[in-house]
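Student: Could you take me through one part of this structure up close? I'd like a single connected story rather than a list.

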Amino acid sequence: MKNVYTVAQVNGYIKNMFTQDFLLQSILVKGEVSNCKYHSSGHIYFTLKDGKGAIACVMFAGNRSGLKFHMQEGQQVVVGGTIDVFERDGRYQLYAKSITLDGAGQLYERFEQLKRELAEQGLFAPEYKQPIPRFIRTLGVVTAPTGAAVRDIINIATRRNPYVQIILYPAIVQGEQAPASIVNGIRALERCKVDVMIVGRGGGSIEDLWAFNEEIVAQAIFDCSVPIISAVGHETDTTIADFVADLRAPTPSAGAELAVYDYSVVQTQLDELALRYTRRMKQQIASARMRLSNDQIRLSHLSPAGQIREKRSYLVSLEEKLERQMQEKLRERRYQVSLYAEKLKGLSPLEKLSQGFSHVADAEGRTVTDVNRIQVGELVTIHVKNGRIVAQVKEKEEWTQPKKN
């Protein structure tokens, strides 16, 4: 009896046959997109067909980086990936890893090959990148003389800094003559000694942008002594020039913004700095003046002239104090003298005489204070208020002192 196999065994056998086929593991298939569905999980399911057949395809979310555009019904594409069997359903399908529009497949392979070669040569190495000057006077532009790209660059550059000088090299940016024209433009502007250079063009297909994927353009950018900003196509477009340039701008407009500083912002910053420095200088001057004034005061105290003035002032104050004290003492002494004068006045003989008393002296001028010291018949002199009297004693009488108990 012949061997009987299960469905799973047959599907597994067929899958193994597909797996061992080298051609099916890495294949490019060209066809028209049909029944395209973007799943919420991120996977893309579609059918690739031509006039004689169709094949189911799926691109998993993890491989979406290999898709640079949004797929639509009827597009002619080249799908790269692996053909394998889905065992559960027993059908084969193409597991896509990259999808490019038809006609770009070969160019994409050339792009990847040149990219690898130039990377191995070191043209993409970051250590060779030149810094973009922050402030520039002259901007060089290598692009087509007509079109949106050059208008955007000029408008944005002059709006950001109306004083910047723009030198345009009208290059051919598409077609067979484009690579040589771009190289000539880079070298011409380098001889003009511009501060920075923008090399680019507006968006387009990979064929339209191919001039910027040529090796001679990449080498000219690498060899240029002037910093170069690559501004080719739209943000999703990537060229070899972007990898070699010192800086990549997603669009020509962004390239102008990266190359030309905003004059108004810088002017505002300068005004703020000037105001800050002016305020700081005024503070420092005021502080210095205060220190100088303090030093002058200290110096005036320490200088001989200052000390003399200080001593003179001190002497004047002492003189005034001494004078006040002398006047006070004089007033005190005058008051005491007046008191003593009053006392002496009361004791003055003349005062006594003016009160009716008299002074009696004997012939020898001695004061007669005792009746027994003079004899009857002697001459005595009696002094009164307004003169003296000479008299002879006719009679004398001694008064008896009363006895003390």
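To get my bearings, how many helices and strands does the secondary structure of the chain come to? After that, please zoom in on helix α8: what covers the buried residues of α8?

Tutor: Sure thing. Keep in mind that this is a predicted model. The secondary structure comes to eleven helices and 13 strands. As for the overall outline, the C-alpha atoms fill a box of roughly 210 × 70 × 35 Å along the principal axes. The chain has a radius of gyration of 64 Å, whereas a compact globule of 405 residues would be near 22 Å. Buried residues make up 31% of the 405. If you take the contacts with a separation of 6 or more, 59% of them come from residues 24 or more positions apart.

Now for α8, which covers residues 252–259. Six of its eight residues are buried, so α8 is largely enclosed by the rest of the structure. The buried ones are Pro252, Ser253, Ala254, Gly255, Ala256 and Ala259. And the cover you asked about? It includes the strands β6 (138–143), β8 (196–201) and β9 (228–232), along with helix α4.

Let's stay with α4 for a bit, since it is part of that cover. This helix takes in residues 148–160, and its axis comes within 8 Å of the α8 axis, crossing at roughly 30 degrees. Angles under 35 degrees count as roughly parallel, and α4 and α8 are therefore roughly parallel to each other. The crossing itself is right-handed. On the α4 side, the contact is made by Ala149, Asp152, Ile153, Ile156, Ala157 and Arg160. The α8 side brings in Pro252, Ser253, Ala256 and Glu257. Sorted by class, that's six nonpolar residues, one polar and three charged. If the spacing along a helix looks familiar, recall that an α-helix has 3.6 residues a turn, so residues three or four places apart point the same way. Pro252, Ser253 and Ala256 turn up among the buried residues of α8 as well as in its contact with α4.

One more stop, by way of β8, which is also part of the cover. The loop between α5 (178–191) and β8 holds Lys193. Lys193 isn't a glycine, yet its phi is positive, about 60 degrees. Most residues other than glycine have a negative phi. Lys193 is exposed, with a relative accessible area of 68%. Asn35 also has a positive phi, near 55 degrees, but that residue sits in strand β1 (residues 27–38).

Key
Residues numbered from 1 in each chain as written. Predicted model: local features only at pLDDT ≥ 70, side-chain atom pairs only at ≥ 80, totals over all residues. Heavy atoms only, no water. Axes fitted to C-alpha atoms, helices over the stretch in contact; angles between N-to-C directions. Helix = DSSP H or I, 4+ residues; strand = E, 2+ residues; numbered from the N terminus. Parallel < 35°, antiparallel > 145°, perpendicular 65-115°, else oblique. Left-handed = near helix turned anticlockwise from the far one by under 90°. Contact = heavy atoms within 4.5 Å. Nonpolar A, V, L, I, M, F, W, Y, C, P; charged D, E, K, R; others polar. Rg over C-alpha atoms; globule rule 2.2 N^0.38 Å. Buried < 20%, exposed > 50% of the residue type's maximum accessible area, 1.4 Å probe, protein only.
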